[in-house]
Amino acid sequence: MKHTLLKTTAIAMALSVGVVQAAEYKASTAEGPIKIVNLKAMEAQVEANMDKGAFGYIRGGAEDENNLRANTRAFDKKYIMPRSLQGIEFSDINLKTEFLGIKLDTPIIQAPMAAQGLAHQQGEVATAKGMAKAGSIFSLSTYGNKTIKEVAQAQPGYPFFFQLYMSKNDAFNQYILSQAKQYGAKGIIMTIDSSVGGYREDDVKNNFQFPLGFANLEAFAKISDDKSKTGKGSGISEIYAQAKQAFTPADIQYVKKMSGLPVIVKGIESPEDADTAIKAGADAIWVSNHGGRQLDSAPATIDVLPAIAKVVNKRVPIVFDSGVRRGSHVFKALASGADVVAVGRPILYGLNLGGAEGVNSVIQQLNKELRINMMLGGARNVKEIQATHLYTDADFK
Ligand code: FNR
């Protein structure tokens, strides 16, 4: 009798779990500017609102999250010297810059991130609108919940990049690069640091599977006999398993030739890889450790940036990301060799809390902090930040 009861309870529990998993994913529909005290504090606000598995996927890092923490903490070891006798008015402070011929109102751009439908019902379409409002550039992930066509049409005339996770199936690579070109992407971000998914324990604990499909993969499945997984009901490792693993310089040449667009190679942490990528034809280098989501023992990106900048030696521009949460971090990255600085998770938090306007609020908060740092550090514009010397403890011994 007892045994039967237990069995019945177990079946009921299994069924109810099944119902929960099959239930439609409910994302935020929030719209409007958000009040931000600082970017780090947004995380707790979002956690209170969002599905646990989705939040874990967005926030989490690999293994012990050493790299995730180090990325932000490493900025604290670099100092900006206050400069006060250069006759700078606050109204002199100018954030405008250019990247690959694209005019930007700020040196802060958005890092490509998958599955933005987890954060907001309008997903990548709202992020694209928010970045346009901020006078910056939007980047669409291969694993986005919207197609290239949808984001291009959301903001006609506004620049966007397409981020490519090369597939093992070359027909997909050809299809997606031709879509990027057809709909006017200004460049291809070729990510090379995710040949296998980092071991992210939140996803393991939560048994996280994407509740929404990846629009570009679904669109390709409709017009081909490709039987690959298209996101919905899959874990990130299953998706990465379909992506290309053995990268060589020839892949960079291939993507350049196939797309006819500038190629930005993303996921560079070593000067050697930077040099190899440039020799293979990369039009820009994106210094990143994927926000601490891949190799947990990797160094913080701000610590490797100066050595990479030295090897790059201005042959191509440098994008920098991972751990940027303050205007001072943007300043320090630019002063260490970056040309533009990208932000990841906080953009998704802004998207969750305020849709397109929330995304713009995140950029404006960073702009505000950056302007104050520029004024107090004696740099009127991006070029002057880039010429600023940063100090470390070694300078004071
Ligand atoms: C990412 N990132 C990423 N990168 C990429 O090239 N393609 C992608 O699809 C994704 N997807 C993705 C999803 C989520 C939820 C996160 C948080 C990150 C990495 C991203 O572009 C960027 O490198 C990091 O997010 C930067 O670190 P911070 O700013 O989040 O610390």
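## Ligand surroundings

A polar side-chain atom of Arg325 lies 2.8 Å from an oxygen atom of the ligand, a polar contact in the sense of a pair of N or O atoms within 3.5 Å (within protein, one must be able to donate a hydrogen and the other to accept it, and residues adjacent in sequence count only if both atoms are side-chain atoms). The model is predicted: local features need pLDDT of at least 70, side-chain atom pairs count only at pLDDT 80 or more, and totals for chains, interfaces and linings use all residues. Residues are numbered from 1 along each chain as its sequence is written, and side-chain values use heavy atoms, with hydrogens and water left out.

The ligand is surrounded by 23 residues, of which Pro112, Ser141, Thr191, Asp321 and Arg325 are the closest; a residue is near a molecule if one of its heavy atoms lies within 4 Å of it. A nitrogen atom of the ligand is 3.1 Å from a polar side-chain atom of Tyr165. An N or O atom in the side chain of Ser288 is 3.2 Å from an oxygen atom of the ligand.

## Strand E10 and its partners

Strand E10 covers residues 340-343; strands (E, at least two residues) and helices (H or I, at least four) are DSSP runs, numbered from the N terminus. In a regular strand the side chains alternate between the two faces of the sheet. In E10, Val340 and Ala342 on one side and Val341 and Val343 on the other are all buried, that is, under 20% relative accessible area (exposed is over 50%, partly exposed in between; 1.4 Å probe, protein chains only).

Strand E3 (residues 108-110) runs parallel to E10 and is joined to it by 3 bridges, where pairing requires at least two DSSP bridges. Ile109 stands opposite Ala342. Strand E9 (residues 318-320) is also parallel to E10, with 2 bridges, and Val319 has Val340 as its bridge partner.

## Helix H15

Helix H15 (residues 345-377) has 33 residues, yet its end C-alpha atoms are only 27 Å apart, against 48 Å for a straight helix; the expected span is 1.5 Å times one less than the number of residues. At Gly354, H15 bends by about 140°, the angle between axes fitted to the seven residues ending there and the seven starting there.

Because 25 of its 33 residues are buried, H15 is largely enclosed by the rest of the structure. Gly378, just after H15, takes a positive phi of about 75°.

## Thr276

Thr276 lies in helix H12 (residues 271-279) and is partly exposed, with a relative accessible area of 39%. A polar atom of the Thr276 side chain is 2.9 Å from the backbone oxygen of Glu272.
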